[in-house]
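Me: Please examine the model shown here and answer some questions on its helices, its core and its loops.

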Amino acid sequence: MTINELQDQVIEEFADFDDWMDKYQMLIDLASGETPLPAEFKTEQNLIDGCQSRVWLVADLDSNGRIQFRAESDALIVKGIVALLIRVLSDHTPQEILDADLYFIDRIGLREHLSPTRSNGLLAMLRQMKMYALAYKAKSEK
């Protein structure tokens, strides 16, 4: 699936709920379904700066030239947010990630329902994912 198709799928799933408490619950459920990040990846190097909660993010380039993201957070809602980002951006090429217009964040109302610190954290997570994509793109062009 393309990044836009995945975003549209997320928008559709969130459209089923009118109440933001239900949407938060969906994020918590997403977080609960995520595979925990192994302890050896919970390092300072993988910690995202700018998040109030602790968020670790790792990325690997697979043999097909697609980035696979994995993450963990000590806060359930944040873990759910990063799980959404991973769902949309993982398994795509660095260029696809760099070119992506992530409209689903605004369409589901996520940005407007986050506290300023969580909103900053969301931007920090996105920035880090794009930085990984940029680094892998540069590496593959050598």
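The turns below discuss this predicted model.

Me: How many Å apart are the end C-alpha atoms of helix 6, and what span should its residues give?
Reply: Helix 6 covers residues 116–140, a run of 25 residues. At 1.5 Å a residue, the helix should therefore span 36 Å. The expected span agrees with the distance between its end C-alpha atoms, 36 Å.

Me: Which elements do the buried residues of helix 6 pack against?
Reply: The buried residues of helix 6 include Leu-122, Met-125, Met-129, Tyr-132 and Tyr-136. Their partners comprise two strands and three helices: strand 1 (55–61), strand 2 (67–73), helix 3 (76–89), helix 4 (94–99) and helix 5 (104–107).

Me: Which element gives the largest share of the largest nonpolar core?
Reply: This core has 43 residues, and Phe-69, Leu-89, Leu-102 and Phe-104 have the most contacts inside it. Two or more residues come from each of helix 1 (3–15), helix 2 (20–32), strand 1, strand 2, helix 3, helix 5 and helix 6. The largest share, 9 residues, is that of helix 3.

Me: Which residues of helix 6 does Phe-69 contact?
Reply: Beyond its neighbours within four places in sequence, Phe-69 is in contact with residues including Leu-57, Ile-86, Leu-89 and Ile-97. Among the buried residues of helix 6 are Met-129 and Tyr-132. Phe-69 also contacts Met-129 and Tyr-132.

Me: Is Ser-53 buried or exposed?
Reply: Ser-53 lies in the loop between helix 2 and strand 1. Outside its neighbours within four places in sequence, Ser-53 contacts Ser-73, Asp-74, Ala-75 and Val-78. Its relative accessible area is 17%, and buried means under 20%, so Ser-53 is buried.

Definitions and conventions: Residues numbered from 1 in each chain as written. Predicted model: local features only at pLDDT ≥ 70, side-chain atom pairs only at ≥ 80, totals over all residues. Heavy atoms only, no water. Helix = DSSP H or I, 4+ residues; strand = E, 2+ residues; numbered from the N terminus. Expected span 1.5 Å × (residues − 1). Buried < 20%, exposed > 50% of the residue type's maximum accessible area, 1.4 Å probe, protein only. Contact = heavy atoms within 4.5 Å. Core = buried A, V, L, I, M, F, W, Y, C linked by side-chain atoms within 4.5 Å.
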